[in-house]
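Student: Before we begin, could you show me the chain that we will be discussing, so that I can follow along?

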Amino acid sequence: MQDTMLLGLEGIKKTILHGGTGGIPKLTTGSKVTFHFRTQLCDDERTVIDDSKVVGTPMEIVIGNMFKMDIWETLLSSLRIGEVAEFWCDTIHTGVYPLVSKSMRRIAEGKDPVDWHIHTCGMANMFAYHSLGYDDLDELMKEPKPLYFVLELLRVQQPSEYNRETWAMNDEERLKVVPVLHGQGNKLYKQGQYEEATQKYKEAIICIKNVQTKEKSWEVPWMKLEKMGNTITLNYCQCLLRMEEYYEAIEHTTDIINQHPGVMKAFFLRGKAHAEVWNEAEARQDFSRVLDLDPRMKKAVKRELGVLNMRMEEKNQEDKNKYRGMF
């Protein structure tokens, strides 16, 4: 260890482990910072919580982009390229780390970092479901602790030096790109490219949810975003039906119905999904609700009920043939 210093902020100490090269890069709004990190408890074993080198992929954040762990921007702004430093951070800076860690772990596991089909922010989700899905993070959430962050600065790119993906956009840019992504998804759907369409819809939904978490639930701005998100989610579910992902379609439409029981299209798509997996009672109940909400759907519902009846007859015949050979 070469040097220990205070950064002029309460609850932070920096220890340089390996010096970098050149001067300290200027980090401005929109700068893309690539770095490795290791998070450790302040116990005798220095228990490792997360380590980007173990995962094999460095972390990337964009300065000024409302990253939940905003203290990392401060820490990174003190580093030179190639420098490795250890930062001791008190609990005033580490309280949200479990939520950030959950997102990073989901990315490493190949999952979406944002539970976009859940209609509340990360904090509310945690209280609603009582778990972040990882025992060590649940423990940190219940009892925040000081942490060590070991950071290695790899690269700094200014906004003109890289192509900005949606995760790197600010809220205004995200809202502008949503209708573009929605339109691209619709075009791909019409062309029968359902997998590609789902990616466009999913990207648009994540943009909406990232903006929505900063609004107060059920107030006008939040509701406008909610309606926009539901519309695209239902388009996403139409793709799922085409891809025969019926149970996922049921999951997403049910999320919408639980929050907004007057959305007719959610009942209609869920009814179609139930019919495909032979949930006859559930399908009939959903189609009945469709007619309650919009009697003009009578013709479409009649057609779907005809399909349901045919599928149930086929299944019953298959069951008879299967059991006939057993006796």
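Tutor: Contact here means heavy atoms within 4.5 Å. This is a predicted model, in which local features need pLDDT of at least 70 and side-chain atom pairs count only at pLDDT 80 or more, while totals for chains, interfaces and linings use all residues. Residues are numbered from 1 along each chain as its sequence is written, and side-chain values use heavy atoms, with hydrogens and water left out.

Student: What share of the contacts with a separation of 6 or more comes from residues 24 or more positions apart?

Tutor: The tally takes in the contacts in the chain whose partners have a separation of 6 or more. Among these, the share that joins residues 24 or more positions apart is 69%.

Student: How many helices and how many strands does the chain have?

Tutor: Both are DSSP runs numbered from the N terminus, helices being H or I with at least four residues and strands being E with at least two. Counted in this way, the chain has seven strands and 13 helices.

Student: Is K14 buried or exposed?

Tutor: K14 has its place in strand β2, which covers residues 12-18. Buried means under 20% relative accessible area, exposed over 50% and partly exposed in between, with a 1.4 Å probe and protein chains only. Because its relative accessibility is 3%, K14 counts as buried.

Student: Which side chain does the side chain of K14 join in a polar contact of 3.1 Å?

Tutor: A polar contact is a pair of N or O atoms within 3.5 Å; within protein, one must be able to donate a hydrogen and the other to accept it, and residues adjacent in sequence count only if both atoms are side-chain atoms. The side chain of K14 reaches the backbone oxygen of S78 at 2.9 Å. The side-chain partner at 3.1 Å is E83.

Student: Which element gives the most residues to the largest nonpolar core?

Tutor: A nonpolar core is a set of buried Ala, Val, Leu, Ile, Met, Phe, Trp, Tyr and Cys residues joined through side-chain atoms within 4.5 Å. The largest one has 41 residues, of which Y201, I232 and F268 touch the most other members. Elements that give two or more residues to this core include α8 (194-212) and α11 (264-276). The element that gives the most, with eight residues, is α9.

Student: How many disulfides are there?

Tutor: A disulfide is a pair of cysteine sulfur atoms within 2.5 Å. For C239, the nearest cysteine sulfur, that of C237, is 9.2 Å away. By this rule the number of disulfides is zero.
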